[in-house]
2 protein chains.
Amino acid sequence: MKYTPGQKMNRNAARTLAAFSESMFLLLGEKEFDKITVNEICQRCDYPRATFYNYFDDKYDLVDYCWYQLSKDIHLDVVQARPSGDALETVFDEAFRLFSDQRDLLNRIVAHNPIDSPLVTHFLNHFTRTMTTILSTGMPKRHGQTPLVLVAQYYANTVLLVLKWVFLSQHETTLAEARTYLKELLTKPV
Amino acid sequence: MKYTPGQKMNRNAARTLAAFSESMFLLLGEKEFDKITVNEICQRCDYPRATFYNYFDDKYDLVDYCWYQLSKDIHLDVVQARPSGDALETVFDEAFRLFSDQRDLLNRIVAHNPIDSPLVTHFLNHFTRTMTTILSTGMPKRHGQTPLVLVAQYYANTVLLVLKWVFLSQHETTLAEARTYLKELLTKPV
DNA sequence: TCAAAATTTAGACAGTTGTAAAACCACAAA
DNA sequence: TTTGTGGTTTTACAACTGTCTAAATTTTGA
């Protein structure tokens, strides 16, 4: 990413970025990520190849920007607003809503890309990271010796695991069921 | 992978596979995975390019085989032998040992490949998968409504999270400390 | 031991990638 | 209007990828 996202940028650059990510989203719904070429992306939105490399390092960079655009919708402030206690549940619900909204897109993506493919893995990793940063502020304090970063990663991991199960492994699951899964996982069974 | 691993294969094929993965391991210690080319791999072990594509689809395929070779050392039977109760601890110790043994290699790899790079992610994913299959046999039964596969993935995730912290994020940690982290994470703090 | 079957290798090919230099354009300041 | 500046586009290029064909070599089994 040569233009840092969230940066001030002129109308033209914004339009170009939007066009490229639009192309990518369309292509992701049509074919395997591996088979998508930079040429194809550029044809789609009618920009020359050089312009693509002007904005992005490669197609991985672009797809990263796509995930960034998606995850923009999870509002960080939701968490800070609440007293720490149920921060996790709030964030989970928020993420669940976001994934629901994008269900069509996600279905199309997993139709062409296996669940363990680099693409899907990358997607999940992106969200795990953003969720980790969200969670690392609102964590309950007492965790013995375990470093806080590790704890935040742990919660983010588990949230994303459930979301993956529901939305990418395509198990029909209601929000209530998903909440139950999360709670049961986080509660020691023995 | 065109030759299914674990298959019966003649001495020659075995030697070839070994030579290629040897090359890959060496190169991984020297430079970023992205920058490694198939040509380079072949020069290293003095096999023609056509032979490479005879055995592997691409370099990702080869590196997958490398991880497979590494993880061979975790013996599945360890788990089956034990009564379910402490299966998790046993597997964790076993994996910790394996990662310790390969510490030099891992250090060299993360020296050239960022922790969030596709390569490292792929590495962790591979182990998460094998650990999931190991764990899905020896899980404690009572988990409410949560599907068993999900539970196994959860434990595998958490184990690998700690291992990643210790061996890839390079935090000096003893086995005892690591065990504590794992236990604290799996125990609900509230 | 020999011939058939299978595997390995050399060489070539079209398509892709990422980079670099130069031409081009839009827009603002002089 | 002219000029300068920053960004866009064109074009060209060297390297890599993955596939294919045909020749060479090895393996197999009768």
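A polar contact is a pair of N or O atoms within 3.5 Å; within protein, one must be able to donate a hydrogen and the other to accept it, and residues adjacent in sequence count only if both atoms are side-chain atoms. The model is predicted: local features need pLDDT of at least 70, side-chain atom pairs count only at pLDDT 80 or more, and totals for chains, interfaces and linings use all residues. Residues are numbered from 1 along each chain as its sequence is written, chains are lettered from A and ligands numbered from 1 in the order in which they are written, and side-chain values use heavy atoms, with hydrogens and water left out.

**View 1. Polar and charged pairs between chain B and chain A.** Nine residue pairs are in polar contact across this interface, both residues being at pLDDT 80 or more. Two salt bridges (a side-chain nitrogen of Lys or Arg within 4 Å of a carboxyl oxygen of Asp or Glu) also cross it. One of them joins the side chains of B:Arg129 and A:Asp116, with 3.3 Å from N to O.

**View 2. The side of chain B that touches chain A.** Helix 8 (118-135), helix 9 (148-168) and helix 10 (175-186) of chain B each supply at least two residues (helices: DSSP runs of H or I, at least four residues, numbered from the N terminus). Helix 9 of chain B gives the largest share, ten residues. By class, this side has 14 nonpolar, twelve polar and five charged residues (nonpolar: Ala, Val, Leu, Ile, Met, Phe, Trp, Tyr, Cys and Pro; charged: Asp, Glu, Lys and Arg; polar: the others, Gly among them).

**View 3. Protein around DNA strand D.** The strand is surrounded by 14 residues (a heavy atom within 4 Å of it), and the closest are A:Ala50, A:Thr51, A:Tyr55, B:Arg49 and B:Tyr53. Of the strand atoms within 4 Å of the protein, 64% belong to sugar or phosphate and the rest to bases. The surface near the strand holds seven nonpolar, five polar and two charged residues. Helix 3 of chain A gives the most to this surface, with four residues.

**View 4. Side chains at phosphate oxygens of DNA strand D.** A polar side-chain atom of A:Thr51 lies 2.3 Å from a phosphate oxygen. For A:Tyr55 the corresponding distance is 2.5 Å, and for B:Asn12 it is 3.4 Å.
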